[in-house]
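Good morning, colleagues. I should like to take a few minutes to go through one structure with you, beginning with its metal site and ending with its sheets.

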Amino acid sequence: MVLHVKGRVLVGPEEVRDELWAVDGRITYERPRSAEAVVVEGWALPGLVDAHCHVGLDQHGAVDAPTSEKQAVTDRDAGTLLIRDAGSAADTRWIDDRDDLPKIIRAGRHIARTRRYIRNYAHEIEPGDLVAYVAREARRGDGWVKLVGDWIDREAGDLTACWPRGEVEAAIAEAHRLGARVTAHCFAEDSLRDLVEAGIDCIEHATGLTEDTIPLFAERGVAIVPTLVNIATFPRLAAGGEAKFPRWSAHMRALHARRYDTVRSAYDAGIPVFVGTDAGGSLAHGLVAAEVEELVKAGIPPLEALSATTWGARAWLGRPALQEGAPADLVVYDSDPRADVRVLAGPRRVILNGRVIG
Ligand SMILES: [Zn+2]
């Protein structure tokens, strides 16, 4: 089966071609001999990347395969064809055998401190076991390990860091030795310096970045995935916890209030910023376009925000975009998404492994 995509093919932020073909599921720029082809016309982008998504989770923990499938289909139909799964309690390995579902790069299961995360999500452990659990998840995942770096400490009544510096340093070194990168969920300020100095590769949410830690991230090239569509829920969470944890509540509100400034300052300093929705848990799947819009709202130039879910994100994750020979995973739109990123909200056609899926 040959697929012919015509119109404008956005091979890179500055590189535009008139057409490409998909032959046996792979991209080629050489016109195939076969005259018969399915034709799709429009503006083509590489399949979008959601770099923080959870397939196989709902608010109570792991879900069954049909529910996981529905989540993956919702992401796919929104144009997300590559997911970095930022922690799941479910085994979703079967999805790898389905050529009609997004490709997934897994971080194994979250690793959290005992009673310091959402129930049923994580391995909940103490620091003495951190290295062993990181090694285990590094072997189970697809090149990433996910830590919960800070969470509410009910005794302190506020967010506090979860791991001592020494243990986290040893754990990150072990992950790197096993060829895996490490990322951590961090809302607040105080876990960031230790994690970055310990060699972490990425921070999720990163709402606690300040002028003290931004230069450190920039210098070491530590990426952030702000998940602004999730941060939008902070005021509601803060209201819910106000009576019992007023300090935590005020902290969450403050992090929320400065979220756009934080992302903009990080971007301006040269910190790599990527698109992630945090779908799963409590947030709906399929919000990738909304997150790109949020990044633009924060002040990231539209072309850079696009790259954060396409060319740039794929390079960061070590996956091809629209290169010759790459899997033909692309999304086709009615108009130029570089001119207005809101175009992403309505894909005309979704193509996976050279097949028109939606
Ligand atoms: Zn998450």
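I shall take the zinc site, the salt bridges, one helix and two sheets in turn. Please bear in mind throughout that this is a predicted model.

Let us begin with the metal. Which residues serve as the protein donors of the zinc ion? They are His52 and His54, each through NE2, and Asp278 through OD, at 2.0 to 2.1 Å from the ion. Along the chain, these donors follow the spacing H-x1-H-x223-D. Both of the histidines, His52 and His54, are buried.

The sequence around His52 leads us to the strand S5, residues 48–53. Is S5 covered or open to its surroundings? It is mostly covered, with six of its six residues buried. S5 belongs to an open sheet of three strands, in the order S5-S8-S9, with parallel pairing. S5 and S9, the latter spanning 103–106, stand at the edges with a single partner strand each, so one side of each has no neighbour in the sheet. From one strand to the next, the twist averages 20 degrees.

The pairing of S5 with S8 can be followed residue by residue. S8 covers residues 80–85, and four bridges join this strand to S5, the two running parallel. Leu48 has Thr80 in S8 as its bridge partner, and Cys53 stands opposite Asp85 in S8. In general terms, strands of a sheet pair through backbone hydrogen bonds, in either a parallel or an antiparallel manner.

A second sheet offers another arrangement. This open sheet has seven strands, ordered S3-S2-S1-S4-S18-S19-S20, and its pairing is mixed. Its edge strands are S3 (26–28) and S20 (355–356), each of which pairs on one side only. At the S20 end, S19 (residues 349–352) pairs with S20 in the antiparallel sense, over two bridges. Within that pair, Ile351 has Val356 in S20 as its bridge partner.

I turn now to charged side chains. As a general principle, side chains of opposite charge can pair when their charged atoms come close. How many salt bridges does the model contain? The count comes to 28, and I shall describe three of them.

In the first example, the side chains of Arg93 and Asp96 meet at 3.2 Å, N to O. Arg93 is partly exposed, at 32% relative accessibility, and Asp96 is likewise partly exposed, at 42%.

The second example joins Glu197 to Arg193, at 3.1 Å, N to O. Both residues lie in helix H4, which spans residues 192–197, and they are four residues apart, about one turn of the helix. An α-helix has 3.6 residues a turn, so residues three or four places apart point the same way. Glu197 has a relative accessibility of 27% and counts as partly exposed; Arg193 is partly exposed as well, at 37%.

The third example is the salt bridge between Arg253 and Glu242, at 2.8 Å, N to O. Arg253 lies in helix H8 (residues 246–257), whereas Glu242 lies in the loop between helix H7 (234–241) and H8, so the pair ties together parts that are eleven residues apart in sequence. Arg253 is partly exposed at 35%, and Glu242 is partly exposed at 33%. Elsewhere, salt bridges with shared partners join Arg165, Glu169, Arg193, Asp194 and Glu197 into one network.

Finally, let us look at H8 itself. This helix has twelve residues and reaches 16 Å from its first C-alpha to its last, close to the expected 16 Å. Which of the residues of H8 are buried? They are Trp248, Ser249, His251, Met252, Leu255 and His256. These residues cover an arc of only 160 degrees around the axis, which puts them on the same side of H8. The face turned away from that buried side carries the exposed residues Arg247 and Ala257.

To close, I would return to the zinc ion, whose protein donors are His52, His54 and Asp278, and to the fact that both histidines are buried. Thank you for your attention.

Technical notes. Residues numbered from 1 in each chain as written. Predicted model: local features only at pLDDT ≥ 70, side-chain atom pairs only at ≥ 80, totals over all residues. Heavy atoms only, no water. Donors = N, O, S within 2.8 Å, 3.2 Å for Na, K, Ca; no water. Buried < 20%, exposed > 50% of the residue type's maximum accessible area, 1.4 Å probe, protein only. Salt bridge = Lys/Arg side-chain N within 4 Å of Asp/Glu carboxyl O. Pairing = 2+ DSSP bridges. Axes fitted to C-alpha atoms, helices over the stretch in contact; angles between N-to-C directions. Expected span 1.5 Å × (residues − 1). Arc of directions from axis to C-beta.
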